[in-house]
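Student: Got a minute to walk through this one with me? I'd like to go element by element.

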Amino acid sequence: MKHVTFLFSVIMSNGVLTHAGDIKVAVLPDWWQYIPRFVSRQKVSSLQFTNLTSESNETQYDKIIEVINYLNESHSDVVFGPCRRDISIAVEGLRMPYICTTFDPEVEVFKFQILPALSDFIEAMRKFVYCQYRQGGYGEYKTIIYEGNKGFHFDDNILNHRKTTRLYAVNEENMEAKKHTITHYLMLMRKELIRDIIVICDPKTVEMLLKTAWELAMLSLPFRWYFYDPAFHLRHILESLPRFANSFTVFTLIPSYEQATLYPSDLDLNAMLTMDTLSTISMICGVSSINNDRESLLSALQNKTFRGYTGNISFDASHQRVNYSINMFHFNGSQYFKLGSWWAGDSPGSRTIQLENTSEVQHWSDQNQTYTFPLKGRTIKVVTIIEEPFMMYKKGHGNLTGNDRFEGYCVDLIQELSTILDFKYELYLVHDNRFGARRPDGHWDGMVGEVLAGNATMVVASLSVNARREEAIDFTKPFMTRYVTVIMKIPETPRRIFEFISPLSHTIYLCTFSACIIVAFSLYFFEKNSAYEKQEKVTFKDCVWLTFGTLLEGGTEGVPTTTSGRILLYTWCFFVLILVASYTANWAAFLTVKKFKAPVKSIYDLTSQKEIQYGTVKSSAILSFFQTSNVETFRKIGSEMMNNQSNIVGSSTEGYRRVSEGGYGFFWDSTVNAFKTNRECLLTTIGPDFAPRGYGIGLPPGATYLDELSINILRLGDSGFLDQLQQKWWGERKCSRDKEEDENNASGLKLENASGLFFVLGAGIVLSVFVLLVQGFIRNIRPKIITGQSETVT
């Protein structure tokens, strides 16, 4: 056994105390480091310190014997330090007081526990947090974050309370792992709308916890934090945090806030308990009626009350600390004030909470207390995705940085909200270029995954609200409503030489030709067989010529001489009038109106054809809609998509690229499709519109700034601001070819449309020349044929 003796009051250059004293205090090695600090601060006498070290590594019995021998040899009067089993047994045999600075649930005759039981602090927290001291706070759920083995001291009143939702243990040694665990816990609390949080952790863990809560916007109201902090060391941590409408309540042994501010920063709880213990022993020695021996010390500790740094120091019959106060200090972001105290008393019935009668406490208890927008004054991370016209790169964005790289509807929206609510933001693009869907392992990808991982404070993009996403994150009120439509490329109609034939069908042309022949025969018959009119010489050729000339408005010389023939001719003229007028009207419409000739005219035709392929974006809400829809047509479309994975694209940009190549229909939001068709005249949408959804700003589950954002979005809608944004990015924009098309339609008939007419005219000229040549040939050879016949007869 080795021991070092320090004689109190004068510190020599070699660090040894040389003044003799009357009471010998055996200090355990764990607490020896606090003795020089005590000596340097306190002006007390009659104390002598020895370092109770032990070299025995044998059995517990050997350790006990070694301690007994040492205490007898050093003539020690009291033992001071953390609870140890071998020390407790040794002092019991020596009938020596043992003042413990750590808590031990085992009650022993000569052991005095100066550290209040953690169960007392938990009881004080329970009676304060779970009772209706603050109006409107009783019915809210609570959670507890604890560290190490402190959770074993929770009583059944907390564990089984209907408002206790979860207990979270933070036991990781690695700081990164601890931060990850804390982030996960806080996000669960926010998702479950837990507002009251009890924290029983070391100061370093509390500091990490509060910094993480600040990043997740959980630091201010309506979140309320309650801390176990006997020495009030969290004061500096709480004051260093951003000061908004915070709600921090500290449960401490320090009697007053003014006293806490006077304590040196190096006085931790152990140092304070050391000073209280040794000051108490010194005060016992200062009483003249008390002999400086073990029995007198034991009797004084059992029967007297002392005043120390940690409040009243008094012990009951089982040597547990009683008649002390656990004080509650509240920090609202701007000032500290005392809420009240929990009085331990000397019996279970005397354990009560008494609130201070001050204006600060009255304001605190008011259920209508107001709080500042949690994002005010902060710079938050906003995740987004490129999607025209909601989020687009500016021209020359390669030379720009930060938010200046982007423009679009969502940029204007978040800028307006940040101005109204006084916060700043940093836009960044989601790394996997996805909106967000649940993976088979249960985790979320895309922008939803970024919010759930705590990387982003909100999502501002064309993110539609559906049931699955609503289960994972929170959404504000919609700032726009979208439908689903199919966009595809208009098939190009090939130009034909004989387009002038198109206004009438082939059947009409055939029937018209047949009618001409019939009318010609009828006219010839009437002219030959009229019984009353004077019959003139008429041939069938003349009738045919007259009929076709009338049809083509040629203006022939001959007219029927019979009444029946004239009636037939005038009826034929009326028929020709209507036919020519119809042809002219259809020809004009054919030249000016483009007809969309596609294999499908609605989405219901898609499944019954093979010419047009169709699909949507992977992991999108639209694909999820088709997979889960109860409508047979939609379910069949979704099944066809899944069976042909090549038609499911990775992004909307890829989808629009395939649309521009032709032969592909892309299911996407009507808002984006409308933007595309306004700028590319070769694209069109197929209806009907279906699956209406709202675009909302995505927030972490349980985000306290949800209501404020929603209210301001509604206000922007009421003021017309959202309509102005839609007009800016969609309205008053015509596709680039509209003007050119209008000019083309207004300029008249083009050669490419009427070239067939010139071919017909040329064919007529060629035919006329051919007939002329044939007639000339016949005229030349006919006399020779007649002459040859005459000579033969002769």
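Tutor: Sure. This is a predicted model, and a good place to start is helix 6 (residues 175–191), which lies across strand 7, strand 8, strand 9 and strand 10.

Student: How does helix 6 run relative to strand 8?

Tutor: Helix 6 makes an angle of about 170 degrees with strand 8.

Student: And what's the strand order in that open sheet?

Tutor: The order is 8-7-9-10-11-15-16-17, eight strands with mixed pairing. The edges are strand 8 (164–170) and strand 17 (352–355), each of which pairs on one side only. From one strand to the next, the twist averages 20 degrees.

Student: Which helix packs on the sheet and touches strand 17?

Tutor: Helix 4 (residues 118–129) does, and strand 7, strand 9, strand 10 and strand 11 are also among the strands helix 4 touches. Its direction makes about 170 degrees with that of strand 9.

Student: Strand 9 and strand 10: parallel or antiparallel?

Tutor: Parallel, with four bridges joining strand 9 (residues 196–200) to strand 10 (residues 224–228). Within that pair, Val 199 sits opposite Phe 227 of strand 10.

Student: OK, new topic. Why is strand 13 described as largely enclosed?

Tutor: Because four of the five residues in strand 13 (residues 311–315) are buried, the rest of the structure largely encloses it.

Student: What does strand 12 do with strand 13?

Tutor: Strand 12 (residues 306–308) runs antiparallel to strand 13, joined by three bridges. The two form a hairpin with two residues between them, and Phe 306 stands opposite Ile 313.

Student: And how many bridges link strand 13 to strand 14?

Tutor: Two, again in the antiparallel sense, with strand 14 covering residues 321–322. Ser 314 has Val 322 as its bridge partner there.

Student: What's going on with phi at His 319?

Tutor: His 319 takes a positive phi near 65 degrees, in the hairpin of strand 13 and strand 14, where five residues lie between the strands.

Student: Switching to the surface: which residues make up the nonpolar patch?

Tutor: Phe 770, Val 774, Phe 777 and Ile 778, with about 390 Å² of accessible area together. Phe 777 lies in helix 26 (residues 751–793).

Student: Why does Phe 777 count as exposed?

Tutor: Its relative accessibility is 51%, and the cut-off for exposed is over 50%.

Student: Last one: how many helices and strands does the protein chain have?

Tutor: It has 26 helices and 28 strands. Of its 794 residues, 47% count as buried.

Technical notes: Residues numbered from 1 in each chain as written. Predicted model: local features only at pLDDT ≥ 70, side-chain atom pairs only at ≥ 80, totals over all residues. Heavy atoms only, no water. Pairing = 2+ DSSP bridges. Axes fitted to C-alpha atoms, helices over the stretch in contact; angles between N-to-C directions. Contact = heavy atoms within 4.5 Å. Patch = residues over 30% accessible without salt bridge, like charges linked within 9 Å, V, L, I, M, F, W, Y side chains within 5 Å. Areas by Shrake-Rupley, 256 points an atom, 1.4 Å probe, with all protein chains shown as cover. Salt bridge = Lys/Arg side-chain N within 4 Å of Asp/Glu carboxyl O. Buried < 20%, exposed > 50% of the residue type's maximum accessible area, 1.4 Å probe, protein only.
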